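User: Could you take me through one part of this model in detail? I would like a close look at a pair of packed helices, followed by a few buried residues elsewhere in the chain.

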Amino acid sequence: MKKITNKKKKKTKLGFFISDNGYGHVIRQSSIIKELLSQNKNKKLEIYVFGNKILQKIKNEFKNKIYYRKVDNVIKTKKNLNGSLSLGGTKKIFSYWKDNKENLIKKTKNDIKNFKLIITDSVPHVIDAANDLGIKVLNISHYTWDWFYYKTFKKDDIYEELFKSYKNVHKFISPPLTDTQILKTRRNKIRNINFIVTDSFIKKKIFELKKNKKLRCVIMDNGSKVLSSKIMKIIKYLKDFDDLSFVICGKLFPKKLIMEIKKIKYCKIEYDFKLIHRHISSCDFLIARGGYNTISECLILKKPTLLYNETKNKEVEGNIKHLKKKGLTYPIYKEFFTHSFKENIDYFISHKLKKINRNFLKYNFKGNGSKQASKIIMSCLF
């Protein structure tokens, strides 16, 4: 007769290393984690998230359903006060990473002992650490930091170190708009998926303004505050529109400016980045930075955009370039946010809006990338 024991079955540990570079990374990885939890009914998985400033947002979402480890994943971009990319500040971060790479690998190895699989949105030293321990790594992102560094600073010893790290990735899970250079260089390891988005911005439509015949425009900033100062400059011109209503994110606005906005009849203020995204489904067009998360949502919902091409940011530049080629956006620059704002909007509505809407009829972008990614992850685990 077999002896009955009360030993618990050992759970499979899965680690997510998320970059502290804006909110898009958090949103996409959270969506994947949510899918994994829905498939983890028998509680075989233990999911750990490794990050720094982004951890609180993850905790707010998942509470005690997963585990959290505070670590500095180091690599990110640095912004100037006006929201543009700081070349000097960003280069300094990458230099620090290279100088401390071996120590970062050593520390990470201690953090991920006994893990079965590592997921990262491109934290390079984590890839090396996992490889040293014989742990598979899946990289889920539409660009990698070696690509970004090469496009921004060209090849040097830092680039070589970054490129060397990515050689150890088991699979690159790549959503749409991944640069062709990345797809070509890593073609043997690429798994293509659809856009990764949350469902909240689609399911919860918000009709916050009284029904009227006006077109509706959403003006939004992002977590990196790239457009804040520029949006503030055009608030005084919003009252000049007779046939247009606005929804605007005022999270970062001073109190005096908020009071000014409240006096504008057809203008609604939202104070949360998450809530402003929910208005995309009911708007006619959107003014925003050309960040990947915003673009993903607008393409799925077939919403025309005026996208700001952030100075010197090759990732944003590439995003907009893809959409412009398809005729699905109208790029804008700092001159757009001046005294000629109304003239620029009127031109867009008269000459571009209908054409972009027609072009959208050719495409059907899907947002089930998190389901596809979770299936790939599960296939690597069991």
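Analyst: Happy to help; here is the helix pair, followed by three residues. The model is predicted, so local features need pLDDT of at least 70 and side-chain atom pairs count only at pLDDT 80 or more, while totals for chains, interfaces and linings use all residues. Residues are numbered from 1 along each chain as its sequence is written, and side-chain values use heavy atoms, with hydrogens and water left out.

Two packed helices are described by the angle between their axes and the distance between the axes. Helix 4 (residues 101–111) and helix 5 (residues 124–132) pack at about 55 degrees, and their axes are 8 Å apart. Helices here are DSSP runs of H or I with at least four residues, strands are runs of E with at least two, and both are numbered from the N terminus. Axes are lines fitted to C-alpha atoms, for helices over the stretch in contact, with angles from 0 to 180 degrees between N-to-C directions. Helix 4 and helix 5 are therefore oblique to each other; angles under 35 degrees count as roughly parallel, over 145 as roughly antiparallel, 65 to 115 as roughly perpendicular and the rest as oblique.

On the helix 4 side, Lys101, Leu104, Ile105, Thr108 and Lys109 meet His125, Val126, Asp128, Ala129 and Asp132 of helix 5. The residues of this contact divide into 4 nonpolar, 2 polar and 4 charged. In this scheme Ala, Val, Leu, Ile, Met, Phe, Trp, Tyr, Cys and Pro are nonpolar, Asp, Glu, Lys and Arg are charged, and the others, Gly among them, are polar. Contact means heavy atoms within 4.5 Å.

Now to the residues. Serine 370 lies in helix 17 (residues 369–381) and counts as buried because its relative accessibility is 4%; buried means under 20% relative accessible area, exposed over 50%, and partly exposed in between, with a 1.4 Å probe and protein chains only. Leaving aside neighbours within four places in sequence, serine 370 contacts Ser31, Ile32, Glu35, Phe195 and Ile196.

Serine 84 sits in the loop between strand 3 (67–70) and helix 3 (87–99). Serine 84 is buried too, at 12% relative accessibility. Not counting residues up to four places away in sequence, serine 84 touches Lys78, Lys79, Glu310 and Thr311.

Finally, threonine 12 belongs to strand 1 (residues 12–17) and, at 15% relative accessibility, counts as buried. The C-alpha atoms of threonine 12 and leucine 45 are separated by 4.9 Å, although the two are 33 residues apart along the chain.
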